[in-house]
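Biologist: I have the sequence and the fold open side by side, and I would like to know how the labels on it were reached. Could you walk me through them?

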Amino acid sequence: VYHAYYQHNPLSVRWGNMTWGHAVSTDLLHWTTMRPVMYPDETGTMYSGSAVVTPDGERVFFYTAAGGESPWSAGRAYTQRCAVSRDGGRTLEKQGLAVDTIAEKNRDPKVFYHAESGAYIMVLWVEDADFAILRSTDLKNWTETQRLTLDGGYECPDLFRLVEADGTAHWIFWTANGTW
């Protein structure tokens, strides 16, 4: 079963009340909408994120809790938080803080496992055209290892290894607006 999680407002067609929606498919063509898996709470509304499956099969999700974006989270900052699924991705249980505030509206954690270093890597939009790269060996304790500026880049970063047919590998860093 394939799972798609998406940021949306289940109460309106207008921005606000951001929640993680959920759909499933067995063929990637036909999708069934499920109940949302994460709702806003006192930490903020639910902004974008990513997930990894650990070697023992645990599904760990990272997302931005956009503090201050709802009446329940007034006065709170944006933080990166984690959730787990114990039922194959059908429901998510919020687990708490993963990375505290770096800048006022830092967001969009993209996490992947980097086998060569034996660690998980998180890329995160910080502010303006600035991004952070963080590292963890246990998905709980994160250390910022690098800051970079990508002129024109803005939010939702991704970092991945692209291997050409001849075996040449390149690391690609890009953002939501297509800047790389």
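Modeller: Gladly, and please keep in mind that this is a predicted model. Let's begin with strand 10, residues 130-136, where 5 of the 7 residues are buried.

Biologist: What makes strand 10 count as largely enclosed?

Modeller: Buried means under 20% relative accessible area. Because 5 of its 7 residues are buried, strand 10 is largely enclosed by the rest of the structure.

Biologist: How do you know that strand 9 and strand 10 pair, and in which sense?

Modeller: Pairing calls for at least two bridges between the strands. Strand 9 and strand 10 have 7 bridges, in the antiparallel sense, so they pass that mark. One example is Ile121, whose bridge partner in strand 10 is Arg135. The hairpin they make has 2 residues between the strands, and Asp128 takes a positive phi near 50° there.

Biologist: And what is on the other side of the pairing, with strand 11?

Modeller: Strand 10 also pairs with strand 11, residues 143-149, in the antiparallel sense over 6 bridges. Leu134 has Glu144 as its bridge partner in strand 11. This hairpin has 6 residues between its strands, with Leu139 in the turn at a positive phi of about 65°.

Biologist: Why is Glu127 called partly exposed?

Modeller: Glu127 lies in strand 9, residues 119-127. Its relative accessible area is 37%, which falls between the 20% and 50% cut-offs, so partly exposed is the label. Glu127 and Glu155 are 28 residues apart in sequence, yet their C-alpha atoms are 8.0 Å apart in space.

Biologist: Why do Cys82 and Cys156 not form a disulfide?

Modeller: A disulfide needs two cysteine sulfur atoms within 2.5 Å. The closest cysteine sulfur to that of Cys82 is in Cys156, 19 Å away, which is too far for a bond. The count therefore comes to 0 disulfides.

Biologist: Are those two cysteines buried or partly exposed?

Modeller: One of each! Cys82 has 12% relative accessibility, so it counts as buried, while Cys156, at 31%, counts as partly exposed.

Biologist: What makes up the nonpolar patch on the surface?

Modeller: Tyr2, Leu28 and Trp31 form it, with about 310 Å² of accessible area together. Patch residues need over 30% relative accessible area. Leu28 has 48%, which makes it partly exposed, and this residue sits in the loop between strand 2 (19-25) and strand 3 (32-38).

Conventions: Residues are numbered from 1 along each chain as its sequence is written. This is a predicted model: local features need pLDDT of at least 70, side-chain atom pairs count only at pLDDT 80 or more; totals for chains, interfaces and linings use all residues. Side-chain values use heavy atoms; hydrogens and water are left out. Buried means under 20% relative accessible area, exposed over 50%, partly exposed in between (1.4 Å probe, protein chains only). Helices (H or I, at least four residues) and strands (E, at least two) are DSSP runs, numbered from the N terminus. Patches are made of residues with over 30% relative accessible area and no salt bridge: like charges are joined within 9 Å, nonpolar side chains (Val, Leu, Ile, Met, Phe, Trp, Tyr) within 5 Å. Accessible areas come from the Shrake-Rupley method with a 1.4 Å probe; for residues, only the protein chains shown count as cover. A salt bridge is a side-chain nitrogen of Lys or Arg within 4 Å of a carboxyl oxygen of Asp or Glu.
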